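Me: Could you take a close look at one spot in this model for me, and then work outward from there? I'd like to know how exposed the residues are, what their side chains touch and how the neighbouring strands are put together.

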Amino acid sequence: MRSVVVQILGRSKLLRNSTRIGASLFQSRGFSIFATETSCFRSRFRNKWRSQYVWNFPRSFGSPATAEASSSDGLTLERIIASNWIINDENESDWKSHAAAIAQSLHLIKKRLRWKTLIPKLQELSKELNDPELWNDPQHAGKVSREHGTIMGKMKEFNGYEKELFEHIDMIKLAREENDAVMEAESMNALLAMRKLLKEKELEALLAWDEDSCSCFIEVQAGAGGTESMDWASMVMQMYKKWAELRGYSVTVIDEMPGEIAGIKRATIRVDGEYAFGYAKTEVGAHRLVRISPFDSNKRRHTSFASVAVTPILGDEFSHFQINESDLRIERFRAGGAGGQHVNTTESAVRITHIPTGISASCQNERSQHQNKASAMAVLQSRLDQHEMNRQAEKNAVHKQSLTSINFGSQIRSYVLHPYRMVKDHRTDYEVSDPNFVLQGNLDGFMLSSLSANMDTGDDDELFEAA
């Protein structure tokens, strides 16, 4: 048996009610109270009565994955949502409004974390960790241990918020029974702070995949349309550079192939920063521009396309695609475009092709061949990692939604400059009436709406059943 000592401060009637609520909370979580010993004495530091209760519990406590939090009168997260309590402004001192907003946030976070898949995954990892032969492979064991710890951390954090919600609700009800305005105000302020905190947690839960925290490569390639499309590809690349700068990310140009007259045929940049891939992955696909072409002397309206590909730069803690030197074909050539006599007269540019997959990467922006080769290898590694992720995604439909195929028949967004002005995302219907604002790198609205649309899907009934 395991004993838990609970001490409660308060006036006599309030103390008795607190004890009753505390006992109910433990019993609602499946614990059994076998014996109670009570002793009351005056605190030498405060003019209040203190009561100490010694309760005995079984040694086996419910796991955080299965224990359902509730209030002393049986109120649960599911019941709050089903009650459809009106959610007022944050300034309103209504505990039901705060509780309903918090419950909705918790439910949304739970859905974004894919709770119904976390529970069996945690059980599977726990079983694997208990296998004594696991540590025969330290690298694999470390990966399993980290994944288990990550999932446990997410579940404990969520359950902690849920339990805190019902504790504040119980304290507000108790304070009203005792006409204790101070305690009620404190609990109301705690609910308000919790409501604001969980709004921030909703955004964090959008980036729940392991790869989301990585830096990334962004590649833009001009579509059919000649000079007009090349100019559009250059505009798209500048848009991503400005977006990265607005978020405080660092940008490095890896490869750039200029167009004959204007713009670029293809370019690749490296974006370094926390959650760069998590946000940028929503930009994968074809981007469509409609405008009066500055390259058309007849001032006709043209439609141009540019495709965007985003690949994560996986850190050492991730499994990488293994590259064999014998599978590589390395070509050296002279760099094109601006760069000075040395760059354009020596074969410093490098193109590396992975023969089994046909995936290639090139770099010509560095001065030396060795630097270009190292940069090209980094890009190739990232693309092969993404290729492996795509292959695994075919077996796991859960990941498919964030790995959109790149083709000109399925543009994800249209930028219309004529005859009207608007930027519209065709996946979410999110739109902005000022294209210049978007082209200056203000893409967070589009990215967050896309992330929300991808994550906030699923059956609520299945979610509650999994809980």
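Reply: Let's start with the yardstick: a residue is called buried under 20% relative accessible area, exposed over 50%, and partly exposed in between. Keep in mind that this is a predicted model.

The spot I'd pick is D89. D89 has a relative accessible area of 48%, so the residue counts as partly exposed. You'll find D89 in the loop between α2 (77-83) and α3 (95-112). What does the side chain of D89 touch? A polar contact of 3.0 Å joins it to the side chain of N91. If you go twelve residues along the sequence from D89, you arrive at A101, and the two C-alpha atoms are 9.9 Å apart in space.

Now outward, to the charged pairs. The model has 19 salt bridges in total. One of them joins D444 and R247, with 3.0 Å from N to O. That pair ties together distant parts of the chain: D444 belongs to helix α12 (residues 444-455), R247 sits in the loop between α7 (227-246) and β5 (250-258), and the two are 197 residues apart. Are the two ends buried or exposed? D444 has 31% relative accessibility, so it is partly exposed, and R247, with a relative accessible area of 29%, is partly exposed as well.

Another salt bridge brings together the side chains of E260 and K265, at 2.7 Å from N to O. Here the two ends fall into separate classes. E260 has a relative accessible area of 60% and is therefore exposed, whereas K265 has 29% and is therefore partly exposed.

R270 and D272 make a salt bridge too, with a distance of 3.0 Å from N to O. R270 is partly exposed at 27% relative accessibility, and D272 is partly exposed with a relative accessible area of 23%. Besides these pairs, there is a network of salt bridges, and its members are E283, R413, D425 and R427.

A few backbone oddities are worth a click while you're looking around. Y275 isn't a glycine, yet its phi is positive, near 65 degrees. Y275 lies in the loop between β6 (264-272) and α8 (276-280), and at 28% relative accessibility this tyrosine is partly exposed. D429 behaves in a similar way, with a positive phi of about 65 degrees although it is no glycine either. You'll see D429 in the loop between β13 and β14 (431-432). Then there's a cis peptide bond, the one leading from H418 to P419, with omega near 10 degrees. P419 itself is in the loop between β12 (411-416) and β13 (422-425).

On to the strands. Take β8 (residues 301-313): β4 (residues 215-222) runs antiparallel to it, and eight bridges join the two. β7 (residues 285-292) also runs antiparallel to β8, again joined by eight bridges. Which residue is a good one to highlight here? I'd choose V308 of β8: V220 has V308 as its bridge partner, and G285 stands opposite V308 as well. As background, in a regular strand the side chains alternate between the two faces of the sheet.

Elsewhere, three strands form an open sheet in the order β9-β10-β11, with antiparallel pairing. Why are its outer strands open on one side? β9 (328-333) and β11 (359-363) are at the edges and each has a single partner strand, so one side of each has no neighbour in the sheet. From one strand to the next, the twist averages 15 degrees. Inside this sheet, β10 (residues 349-354) and β11 pair antiparallel over five bridges. For a landmark in that pairing, look at T353, whose bridge partner in β11 is S360.

And back to where we began: D89 is the partly exposed residue whose side chain makes that 3.0 Å polar contact with N91.

Note on methods:
Residues are numbered from 1 along each chain as its sequence is written. This is a predicted model: local features need pLDDT of at least 70, side-chain atom pairs count only at pLDDT 80 or more; totals for chains, interfaces and linings use all residues. Side-chain values use heavy atoms; hydrogens and water are left out. Two strands pair if DSSP finds at least two bridges between them. Helices (H or I, at least four residues) and strands (E, at least two) are DSSP runs, numbered from the N terminus. Axes are lines fitted to C-alpha atoms, for helices over the stretch in contact, and angles run from 0 to 180 degrees between N-to-C directions. A salt bridge is a side-chain nitrogen of Lys or Arg within 4 Å of a carboxyl oxygen of Asp or Glu. Buried means under 20% relative accessible area, exposed over 50%, partly exposed in between (1.4 Å probe, protein chains only). A polar contact is a pair of N or O atoms within 3.5 Å; within protein, one must be able to donate a hydrogen and the other to accept it, and residues adjacent in sequence count only if both atoms are side-chain atoms.
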